[in-house]
Amino acid sequence: MEGIFIALGMLFYAPKETSTIATVSDPNLHHNQEIYIGSEMRRFKRINYKTQIEIMIPGGRTQRAETIDISLGGVCFSTPIPFKTDKKVKLTLDLLRKKKSISATGRIAWIKRESASPRGMQQYKVGVEFVKMTNDEQQLLSEELKLYYE
């Protein structure tokens with residue numbers, strides 16, 4: 001075969017009992033949890049998507065933020081709140097072209113500290129994986145995202 005390129009990505013995680021950062025060259029300190037094959041190495045195609053999102057934090061508080069990107073599997077947004085990974089949150093976000101809102105339950109998958117805003121406020125980039133969404137809302141999101149695909 002000619003003209004074929006395969007990108008293979010493997011994510012390694014150190015066992016929980018390991019307190020130091022291990023290197024990939026030490027196979028005894030890692031166990032493989034995920035393998036992705038493909039050009040983006042993601043399960044879902046992301047698109048840049050700026051819209052308002054409302055995050056309901058456990059305890060009843062609500063935080064509004066702006067999304068950075070979105071896919072069928074989750075959403076990324078910027079916030080001054082340092083969320084904890086693996087926490088469940090309820091989300092409501094506006095679909096720009098459909099002119100509707102959808103709701104979902106998500107899991108904080110990752111958080112990255114960003115540089116401070118111009119007003120000096122610390123910002124965080126947060127990735128949320130959708131874990132529960134109605135079929136109707138999944139369909140609305142899918143239709144919305146298809147309008148942005150190339």
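These legends describe close-up views of a predicted model.

**View 1. Strands β7 and β8 form an antiparallel hairpin.** β7 covers residues 88-95 and β8 covers residues 100-113. The two strands pair over 8 bridges. Within this pairing, T92 stands opposite S103 in β8. The hairpin has 4 residues between its strands. K99 takes a positive phi there, near 60°.

**View 2. β8 also pairs with β9.** Strand β9 spans residues 124-132. It is joined to β8 by 8 bridges, and the two run antiparallel. R107 stands opposite E129 in β9. β8 therefore has a partner in β7 and another in β9. In a regular strand, side chains alternate between the two faces of the sheet.

**View 3. T51 sits in the loop between β3 and β4.** β3 is residues 47-48 and β4 is residues 52-57. Is T51 buried or exposed? Its relative accessibility is 4%, so T51 counts as buried. The cut-off for buried is under 20%. A polar atom of the T51 side chain lies 2.9 Å from the backbone oxygen of D94. Leaving aside neighbours within four places in sequence, T51 is in contact with A65, E66, T67, L93, D94 and L96. D94 thus appears both in this contact list and as the residue whose backbone oxygen faces the T51 side chain at 2.9 Å.

**View 4. Y49 and Y148 form an aromatic pair.** The structure holds 2 aromatic pairs. In this one, the rings are edge-to-face. Their centres are 5.3 Å apart, with 80° between the planes. What does the pair tie together? Y49 lies in the loop between β3 and β4, and Y148 in the segment after α1 (135-146), so the pair links parts that are 99 residues apart in sequence. Y49 is buried, with a relative accessible area of 2%. Y148 is partly exposed, at 27%.

**View 5. F77 and F83 form an edge-to-face pair.** The ring centres lie 6.1 Å apart. The angle between the planes is 90°. Both F77 and F83 are buried.

**View 6. R97 lies over the face of Y148.** The distance from R97 to the ring centre is 4.2 Å. Y148 also pairs edge-to-face with Y49. The Y148 ring therefore takes part in an aromatic pair and has R97 over its face, while Y148 itself is partly exposed.

Conventions: Residues are numbered from 1 along each chain as its sequence is written. This is a predicted model: local features need pLDDT of at least 70, side-chain atom pairs count only at pLDDT 80 or more; totals for chains, interfaces and linings use all residues. Side-chain values use heavy atoms; hydrogens and water are left out. Two strands pair if DSSP finds at least two bridges between them. Buried means under 20% relative accessible area, exposed over 50%, partly exposed in between (1.4 Å probe, protein chains only). A polar contact is a pair of N or O atoms within 3.5 Å; within protein, one must be able to donate a hydrogen and the other to accept it, and residues adjacent in sequence count only if both atoms are side-chain atoms. Contact means heavy atoms within 4.5 Å. Rings of Phe, Tyr and Trp (its six-membered ring) pair if their centres lie within 6.5 Å; planes under 30 degrees apart count as stacked, over 60 as edge-to-face and the rest as tilted. A charge sits over a ring if NZ of Lys or CZ of Arg is within 6 Å of the ring centre and within 35 degrees of the ring normal.
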